[in-house]
Amino acid sequence: MSTDVNVKMDALAGADPDALPLQVKDLHVEFRTRNGVAHAVNGVSFDLRAGETRAILGESGCGKSVTAQAIMGILDTPPGYITGGEVLYRGVDLLKLPESERRKVRANRIAMIFQDALSALNPVFTVGFQLAELFRKHRGMSRKDSKARAVELLDLVKIPAAKQRVNDYPHQFSGGMRQRVMIAMALALDPEVLIADEPTTALDVTVQAQIMTLLAELQRERNMGLVLITHDMGVVADVADRISVMYAGRVIEEAGVEDIYASPAHPYTKGLLESIPRLDLKGHELSAIKGLPPMLTNIPPGCAFNPRCRYAQEVCRKDPAPPLYQVSSSRTAACHFWKEVKGDE
Ligand SMILES: Nc1ncnc2c1ncn2[C@@H]1O[C@H](COP(=O)(O)OP(=O)(O)O)[C@@H](O)[C@H]1O
Ligand SMILES: [Mg+2]
């Protein structure tokens, strides 16, 4: 155990406890494929405070998962390459650490849960074994102690009859229960930051709500930073503090959750908001955004959203892409016409 702790301290010798647990600065990722270069992440920046939930929101194919993979150091290389930027954990740039040291950061400091719990668990070992292994490997615990910790964790994520279920295999759990197991594994080593990539997408609506409530509870209890990746604007309203809206590999709006819901400043955000089914507008036409996001091998010049945008003018179709305008002291939007969109021109 002592050697493990020493290595961890070496890897993060420069870590400043007063610095933010996660800061992403101007991150760039590209995939070099036979069909060309896919510009998956094009200058993404965001901060995460302890105890804060930041949602990263956007349709499929906007670079959300790639952003998470780059932060975690699990990008598929080749074909994926980080071509610029910084990922700071308490002031230490993780992108500069060797793989052996990054491994210590994963799970211990920054953990991740994936959309598909079944493929992330090993089918041939019991859930208890897989949880206990984390404590044996990372904490040098005995077989008996680590098994006891595994039961505690299943209890923590509210799996009924944890003492018995710890001996079951992943396929013996329902989708929702498996996602609880994934949360237990992610929290096992007390990370300061949890990245949840579409954690409820594969589940039915009732179970989705239960899992989100659980995540929010655990996050509050542990004062953990949570990066919640989702394509579903309905999911984030209750749990997020701040939202980064992504489109074609860029953050196109960044704001507190109330501001976003009250008065979106980017037409894309507005479109996402209008496509949430609302009970109070029953029978009202759903105005989902027409068309699809661009292929990231072929991003339109100017604002990447311009072909789908009802506000688009000539200036929007020409490079450079609109900068992030300061909408207020605490929010930005990358739209030349944000005042009009927001409704206070
Ligand atoms: N393994 C890969 N190989 C090649 N291109 C990839 C790979 N993973 C992601 N990409 C590219 O990055 C884009 C964004 O992917 P992703 O981050 O998974 O989107 P999402 O916002 O849905 O999570 C994809 O549309 C694709 O162009
Ligand atoms: Mg994804």
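This passage describes selected strands, helices and the ligand shell of a predicted model.

Strand 3 spans residues 53–57. Of its 5 residues, 5 are buried, so strand 3 is largely enclosed by the rest of the structure. The side chains alternate in direction. Thr 53, Ala 55 and Leu 57 point one way, while Arg 54 and Ile 56 point the other way. Residues on both sides are buried.

Strand 3 has pairing partners in strand 8 and strand 9. With strand 8, it runs parallel and is joined by 5 bridges. With strand 9, residues 242–247, the pairing is again in the parallel sense, over 4 bridges. Ile 56 takes part in both pairings. In strand 8, Ile 56 stands opposite Ile 229. In strand 9, Ile 56 stands opposite Ser 244.

Thr 53 lies in this strand. It counts as buried because 25 other C-beta atoms lie within 10 Å, where the cut-off is 20 or more. Some of its surroundings come from distant parts of the sequence. Thr 53 and Gly 225 are separated by 172 residues in sequence, yet their C-alpha atoms are 6.0 Å apart in space. Beyond its neighbours within four places in sequence, Thr 53 is in contact with Gln 219, Leu 226 and Leu 228, and also with Val 239, Ala 240 and Asp 241.

Gln 219 leads to helix 9, where it is one of the buried residues. Helix 9 covers residues 205–222 and has 18 residues. From first C-alpha to last it reaches 26 Å, close to the 26 Å expected at 1.5 Å a residue. Its buried residues are Ile 211, Met 212, Leu 215 and Gln 219. Seen down the helix axis, these buried residues fall within an arc of 100 degrees, so they line one face of helix 9. The spacing fits a general rule. An α-helix has 3.6 residues a turn, so residues three or four places apart point the same way. On the other side of helix 9, Thr 206 and Glu 221 are exposed.

The buried residues of helix 9 pack against several elements. Among them are strand 3, strand 7 (193–197) and strand 8 (225–230). Helix 8 (175–187) and helix 10 (233–236) are also packing partners of these residues. After helix 9 comes Asn 223, with a positive phi near 50 degrees.

Helix 6 can be described in similar terms. It covers residues 143–156 and has 14 residues. Its reach from first C-alpha to last is 20 Å, close to the 20 Å expected at 1.5 Å a residue. Ser 146, Ala 150, Leu 153 and Leu 154 are buried in helix 6. They cover an arc of only 100 degrees around the axis, which puts them on the same side of helix 6. The cover over these buried residues includes helix 5 (127–139), helix 7 (162–165) and helix 8. Helix 8 also packs against the buried residues of helix 9. Lys 158 follows helix 6, and its phi is positive, near 60 degrees.

An open sheet is formed by 4 strands in the order 2-1-4-5, with antiparallel pairing. Strand 2 and strand 5 (92–93) stand at the edges. Each has a single partner strand, so one side of each is left without a neighbour in the sheet. Strand 5 pairs with strand 4 (residues 80–89) in the antiparallel sense, over 2 bridges. Here the bridge partner of Leu 88 is Asp 93 in strand 5.

Two of the sheet strands also contribute to the shell around ligand 1. Strand 1 (22–33), strand 2 (36–48) and helix 2 (64–72) each supply at least two residues of this shell. Helix 2 gives the most, with 3 residues. There are 16 residues around ligand 1, and those that come nearest are Phe 31, Ala 40, Lys 64, Ser 65 and Val 66. By type, the shell divides into 7 nonpolar, 7 polar and 2 charged residues.

A further pairing joins strand 11 and strand 12. Strand 11 (residues 325–328) and strand 12 (residues 331–333) pair in the antiparallel sense over 3 bridges. They form a hairpin with 2 residues between them. Ser 328 has Arg 331, in strand 12, as its bridge partner.

Definitions and conventions
Residues numbered from 1 in each chain as written. Chains lettered and ligands numbered in written order. Predicted model: local features only at pLDDT ≥ 70, side-chain atom pairs only at ≥ 80, totals over all residues. Buried ≥ 20, exposed ≤ 12 C-beta atoms within 10 Å, placed from the backbone. Contact = placed C-beta atoms within 7 Å. Near = placed C-beta within 6 Å. Nonpolar A, V, L, I, M, F, W, Y, C, P; charged D, E, K, R; others polar. Pairing = 2+ DSSP bridges. Expected span 1.5 Å × (residues − 1). Arc of directions from axis to C-beta.
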